[in-house]
Amino acid sequence: MKKHPMLKYLKEEAPAGPRLPLIMCPGCGAGQVLNYALHAVDTLIREDGLRKEDFVFISGVGCSSRLASHYLNFDSGWTLHGRALAVATGALLANPGLKVIVLTGDGDAAAIGGNHFIHACRRNLNMTILCINNGLYGMTGGQVAPTTPIGRTTTTTPYGNVEEEFDLCRLAQTAGAAYVARWSTAHPHQTIKTIIKGIRKKGTAFVEILSQCPVHLKTAPAEMFRDLKKNTVPLKKAGKSEAKGRIPVGVFCDIDKPDWVTRYQEIIGRLERVESTHE
Amino acid sequence: MNRNQRFEIRIAGFGGQGVVTIGKILGIAFSIHGGRNSVNTQSYGPESRGGACRSEVVVSDGEINYPYVRKADVLVALSQVALDTYLEDVKVGAIIIIDPQAIKNVPAPERFRLYPVPTLAIAHEIGDVKYQNTAALGALYAFIAEMIREFDLVQALRENVPIATVDRNVAAFEKGKKFVQSTFVLEK
Amino acid sequence: MSPNRTDLILPPGAHYLQGSQACAEGAITAGCRVYAGYPITPATEIMEHAAHRLPQVGGRFIQMEDEIGSASALLGASWAGAKAMTATSSPGFSLMQEVISFAIMTETPLVIVDVQRPGPGQGYITTSQEDVMQARWGHHGEGSIIALSPASVQDMFDFTLEAFNLSERWRTPVLLMAEETVAHMRERLVVPSRDEIQIVNRTRPKDLGIAPESYLPYGHAEVPPMAVWGEGYAVNHVSLVHHTDGNVTRYNSSVHLENVSRIHRKIEDHVDEIARIETRWLEGCRHLLVCYGSVSRTGVEAVLEAREQRNIPLAFIRLKTLWPFPERQLRAIVPEVDTIFVPEMNLGMMKHPITEALRDRCRRVVSIPSLGSLHSPELILDRICEELA
């Protein structure tokens, strides 16, 4: 049987036993996102001469964050709920050469991690944030999230959600991220291309990937997948009447500006030339 | 143990009067330039300006354990509140330097020796009220001249004030020092 | 990418610095090149000094959006190979506890300075020792931790350097439990010559000739060698209960017990190597004063006076290390005494492990509290005389 081409980037077995399959529910979108991310990394290794050890995956806690755990054949850190971006910040300060990919979810990034999220975007640190947005808290059983549409019933909004949802891309853009895009698991090629661009981009790249959670939304995966295609509209058609009620997908912004480390290096360079007169 | 040979200086006033700076300068002068042990501490409220503020220097040739002033040998009080607060905690025979312009309620010198020094007036002569602290430092120096080299203290002063103000700070120091030397008979 | 300007660390000889500055300098001398922090009184000066000095030596400083972000950044920095530190005060320390717990489980070297101030809540901005129990028990879960207690500007330099060495040696977060008193005082600091300073760096698998294919991130030794990101070891840092190879799939309670017990024993079994105490006047003593941190300064003064002026045969012990608690060391040296006095800038915290350790060596243990300000020698002495009358 032919092996999946991305399997070389995963750890199948280890002394303590098998690490696969992933724990994701059947039909979950997270595994697809990992697949797309690994394809992107694979392309960069082949085309840009990058090496496997240049990449590091950092995640928080949640279904999305499970992707960066013990089955990744890369350096990785499966960290604390909401804190992946702060961890990534520290890693880049220590080694700016690392290609940092952050795997996070909508709850992880926009609720508990909200503060770190807006500051990471503002700082324009050289990282690629893949935010798997399923509109709820999956791992803990389907509670409401800042990305849950108004009116939806969840385990903590049994009478319907009374809050409006975040537009994560708008948030990232407003906060200052250099590259902001949204796709879905139903847009594999666009997602992979965007992730590649995001990693190549100097600065903060935020890629929101709408994803299906068939278990908590009690909908068949194939139907959810079709809905993702149906309910999204490419950006250039977003102004048209047919776009009403559909979520725009595409690249929202792509700005060139120096990243945090580049700016800080100027300080170090300046100080190198000046004789130190510290007290 | 030489711990009994502690010389304790306390400077107190309002936040913004430069109390902390002259404590720091004294500490550096004693420790680095003078080669003795000294501990410099300060305490103040969260307000930058206006709240009560004190700076202390404990000097010794031996180990300094307790880092704060127990009973001051010298108290420099730049405000009424400072004097009222710290009057009790001075040694018998302590030197208390006050600015008569700021301090109206002057206690009768019983166990201590009181020296009014017009630090504010000197500061105005130099050109700004902010030089009051170094005028006080000069006055203080005149009383402890056998404990520290003037050169060391002025050096520490030069290195710890903004460069643009060095000359005027040194001038204020000189005036404070000269006022004391020409006005009071200094006993040991 | 950045120059490592070891020529610009604090030169040997005498300096006159604030405790906060000495702390930051000790870190830089130890090799700290990443600092992530957040402003909080009375720890801000440490951060400001680090912001000023780190780029001079080729390091990087960042002010994060909160304390949780600061502590979290240390994790990434450490995993990417840097020695990293932050300094906070009591409210920020509480916020960092989840990260500390995580650092214990992932065995991540990092240094956190807590310049304690009174609480609870905002409390006040003066001095305190109210976090000393939080240092040991504030993190959730099992595992142990190292916490040092400086009493002088010299200690702020030396102990910070040592904190890094301990964190690298034992692959653990290390806490420096300072107080506002010692952070804000200015005193002389003597920096030893370069060859007198010992710097410890984490053991890496390549140092032991362990290839990536055979590397076990939590195995090989009691203190596992630590691979750094970017060197081809594909190391996964996980805090879920794990096997020595980092696998989290096969949970069972014996793996759990082994995983967590090893982390606990890693520190607790080595108390004799890690913990340090200072003792004076134990010979022929009848009573004992046990101090730590800034209170030690007052403590020595009080003991000297008690012995010289009141003829009280009082001995002095200073805990330089709060955790792991040096129970065995204390029991080995403390004779039968009548009263053990424990002055603390809290209502009585370290008195508990002290009592647990020495209950059968004394008639009683008496707390001497002072909240918000350093004990004066009179406070301690008067209380001792009162109790012994």
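Guide: Start with one term. Two residues count as in contact when their C-beta atoms, placed from the backbone, lie within 7 Å. Keep in mind that this is a predicted model.

Visitor: Which chains have the most contacts between them?

Guide: Chains A and C do, among the two pairs of chains that touch. There, 48 residues of chain C are in contact with 44 residues of chain A.

Visitor: What makes up the side of chain C that touches chain A?

Guide: Five elements each supply at least two residues: strands E2 (32–37), E3 (60–63) and E9 (236–237), plus helices H3 (67–79) and H5 (97–106), of chain C. H3(C) gives the largest share, with nine residues. By class, this side of chain C has 25 nonpolar, 15 polar and eight charged residues.

Visitor: How many residues are in contact between chain B and chain C?

Guide: 17 residues of chain B are in contact with 15 residues of chain C. On the side of chain B, helix H1 (19–33) and strand E2 (37–44) are the elements that give two or more residues. That side of chain B divides into eight nonpolar, seven polar and two charged residues.

Visitor: What shows that chain A and chain B have no contact?

Guide: The closest C-alpha atoms of chains A and B lie 10 Å apart, and no contact joins the two chains. The test itself is on C-beta atoms, with a cut-off of 7 Å.

Visitor: Now the helices. Why are H1(C) and H7(C) called roughly parallel?

Guide: Helix H1 (residues 19–30) and helix H7 (residues 153–170) of chain C pack at about 30°, with axes 7 Å apart. Angles under 35 degrees count as roughly parallel. H1(C) is therefore roughly parallel to H7(C). Their crossing is right-handed.

Visitor: Which residues make the contact of H1(C) with H7(C)?

Guide: From H1(C) they include C:Gly19, C:Ala22, C:Cys23 and C:Glu25. From H7(C) they include C:Val153, C:Met156, C:Phe157 and C:Asp158. The residues of this contact are nine nonpolar, five polar and two charged. C:Gly19 is among the polar ones, because Gly counts as polar here.

Visitor: Why are H4(A) and H5(A) called oblique instead?

Guide: Helix H4 (residues 114–123) and helix H5 (residues 168–175) of chain A cross at roughly 50°, and their axes come within 7 Å. Roughly parallel needs an angle under 35 degrees, and roughly perpendicular runs from 65 to 115. The angle falls in neither range, so H4(A) and H5(A) are oblique to each other.

Visitor: Which residues meet there?

Guide: A:Ile118, A:Cys121 and A:Arg122 of H4(A) meet A:Leu171, A:Ala172 and A:Ala175 of H5(A). The contact has five nonpolar residues, no polar residues and one charged residue. The charged one is A:Arg122, because Arg belongs to the charged class.

Visitor: What makes chain A as compact as a globular protein of that length?

Guide: The globule rule gives 19 Å for 279 residues, and the radius of gyration of chain A is 19 Å, so the chain passes. Its C-alpha atoms fill a box of roughly 65 × 50 × 35 Å along the principal axes. Chain A has eight helices and eight strands.

Visitor: How does the radius of gyration of chain B agree with that of a compact globule?

Guide: For 188 residues the value for a compact globule would be near 16 Å; chain B has 15 Å, which agrees. The box for chain B is roughly 45 × 40 × 40 Å. Chain B has six helices and six strands. Their order along the sequence is β-α-β-β-β-α-β-β-α-α-α-α.

Visitor: Which domains does chain C have?

Guide: The domain assignment gives domain 1 (6–196), domain 2 (205–269) and domain 3 (277–388). The centres of domains 2 and 3 of chain C are 41 Å apart, over C-alpha atoms.

Visitor: Where are the cis peptide bonds at A:Pro21 and C:Pro120?

Guide: The bond from A:Leu20 to A:Pro21 has omega near 5°. A:Pro21 sits in the segment before helix H1 (30–47) of chain A. The bond joining C:Gly119 and C:Pro120 has omega of about 0°. C:Pro120 is in the loop between strand E5 (110–116) and helix H6 (132–137) of chain C. Most peptide bonds are trans.

Visitor: Why pick out C:Trp281?

Guide: C:Trp281 is not a glycine, yet its phi is positive, about 60°. Most residues other than glycine have a negative phi. C:Trp281 lies in the loop between strands E10 (277–280) and E11 (287–292) of chain C.

How values were computed
Residues numbered from 1 in each chain as written. Chains lettered and ligands numbered in written order. Predicted model: local features only at pLDDT ≥ 70, side-chain atom pairs only at ≥ 80, totals over all residues. Axes fitted to C-alpha atoms, helices over the stretch in contact; angles between N-to-C directions. Helix = DSSP H or I, 4+ residues; strand = E, 2+ residues; numbered from the N terminus. Parallel < 35°, antiparallel > 145°, perpendicular 65-115°, else oblique. Left-handed = near helix turned anticlockwise from the far one by under 90°. Domains from an automatic or database assignment. Rg over C-alpha atoms; globule rule 2.2 N^0.38 Å.
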